[in-house]
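Please walk me through this protein chain, from its overall build down to the details of its loops.

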Amino acid sequence: MAVLEWHAGLNVGIGFMDDDHEVAAGQINALAEAALPQRLDLARDFLDHCRHHFAREEEMMKATGFFAYGCHQGEHERVLAELERVVAKLEAGDPQDAYFTKSLPEWLMIHRNTMDFVTAEFARNAGWRAA
Ligand SMILES: [Fe+2]
Ligand SMILES: [Fe+2]
């Protein structure tokens, strides 16, 4: 059973964000269902996806002068550090089930509903049109 049901109603109206979020939701569903050692490979891919996605959001925030850049960027940094710790635990053989079936899907929804939503609205109002 999928831990996240992504749909168009969760789009924030910035093309690359919506595309990346849909990919992330699919990755989290796969992570929740996977067991070691596949979960480790999927987690490394997810970390990579997050690094690129966060960097693109941060680029857009800087280009549009987003007022809460430090807050949003700091949360990205916190999550990347958390994912690095989780990957290390997977490498040590701990499957981290609750993280992938509960904490991570909950985080994505909260992050989409708060910082990403506000950032996207600000960027659209600032005339951001890049894909
Ligand atoms: Fe995002
Ligand atoms: Fe974000």
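The paragraphs below go from the whole chain to its helices, and then to the turns between them.

The model is a predicted one. The protein contains four helices and zero strands, so the order of elements from the N terminus is α-α-α-α. Its C-alpha trace spans about 45 × 25 × 20 Å along the principal axes. The radius of gyration is 15 Å, which agrees with the value near 14 Å that a compact globule of 131 residues would have. Of these 131 residues, 24% count as buried. Among contacts between residues at least 6 apart in sequence, 73% join residues at least 24 apart.

Two helix pairs can be described in detail, beginning with H1 and H4. The axes of H1 and H4 are 10 Å apart and pack at an angle of about 170 degrees. Because angles over 145 degrees count as roughly antiparallel, H1 is roughly antiparallel to H4. On the H1 side, the contact is formed by Met-17, His-21, Ala-24, Ala-25, Ile-28, Leu-31 and Ala-32. These meet Phe-100, Thr-101, Leu-104, Pro-105, Leu-108, Arg-112, Asp-116 and Ala-120 in H4. By residue class, the contact of H1 with H4 consists of eleven nonpolar, two polar and two charged residues.

The second pair is H2 and H3. Their axes come within 10 Å and cross at roughly 170 degrees, and that makes H2 roughly antiparallel to H3. H2 contributes Arg-39, Leu-40, Ala-43, Arg-44, Leu-47, Cys-50, Arg-51, Phe-54, Glu-58, Met-61 and Lys-62 to the contact. From H3 come Tyr-69, His-72, Gln-73, His-76, Val-79, Leu-80, Leu-83, Glu-84, Val-86, Val-87, Leu-90 and Glu-91. The residues of the contact of H2 with H3 divide into 13 nonpolar, three polar and seven charged.

H2 and H3 can also be taken one at a time. The 27 residues of H2 should span 39 Å at 1.5 Å a residue, and its end C-alpha atoms are indeed 39 Å apart. Buried in H2 are Arg-39, Leu-40, Ala-43, Phe-46, Glu-57, Met-60 and Met-61; what covers them includes H1, H3 and H4. H3, with 23 residues, reaches 33 Å from its first C-alpha to its last, close to the 33 Å expected at 1.5 Å a residue. Its buried residues are His-72, Val-86 and Leu-90, and they pack against H2 and H4. Of these, His-72 and Leu-90 also belong to the contact of H3 with H2.

The places between the helices hold several backbone details. Most residues other than glycine have a negative phi, and most peptide bonds are trans. In the loop between H1 (15–33) and H2 (38–64) lies Pro-37, and the peptide bond that joins Leu-36 to Pro-37 is cis, with omega about 5 degrees. Leu-36 has its place in that loop too. With 14 C-beta neighbours inside 10 Å, Leu-36 counts as partly exposed. Apart from neighbours within four places in sequence, Leu-36 is in contact with Leu-90, Gly-93 and Pro-95. Leu-90 is one of the buried residues of H3. Leu-36 and Lys-102 are 66 residues apart in sequence and, C-alpha to C-alpha, 17 Å apart in space.

Positive phi values occur at the following places. Just after H2, Gly-65 has a positive phi of about 70 degrees. Gly-93, just after H3, has a positive phi of about 100 degrees. Gln-96, which is not a glycine, nevertheless has a positive phi of about 55 degrees. Gln-96 is found in the loop between H3 (69–91) and H4 (97–125). With 19 C-beta neighbours inside 10 Å, Gln-96 counts as partly exposed, because a residue needs 20 or more to be buried.

The tour ends in helix H4, where Asn-125 is found. Asn-125 counts as exposed, because it has 9 C-beta neighbours inside 10 Å. Asn-125 and His-72 are 53 residues apart in sequence and 18 Å apart in space, C-alpha to C-alpha.

Definitions and conventions:
Residues numbered from 1 in each chain as written. Chains lettered and ligands numbered in written order. Predicted model: local features only at pLDDT ≥ 70, side-chain atom pairs only at ≥ 80, totals over all residues. Buried ≥ 20, exposed ≤ 12 C-beta atoms within 10 Å, placed from the backbone. Axes fitted to C-alpha atoms, helices over the stretch in contact; angles between N-to-C directions. Parallel < 35°, antiparallel > 145°, perpendicular 65-115°, else oblique. Contact = placed C-beta atoms within 7 Å. Nonpolar A, V, L, I, M, F, W, Y, C, P; charged D, E, K, R; others polar. Rg over C-alpha atoms; globule rule 2.2 N^0.38 Å. Expected span 1.5 Å × (residues − 1).
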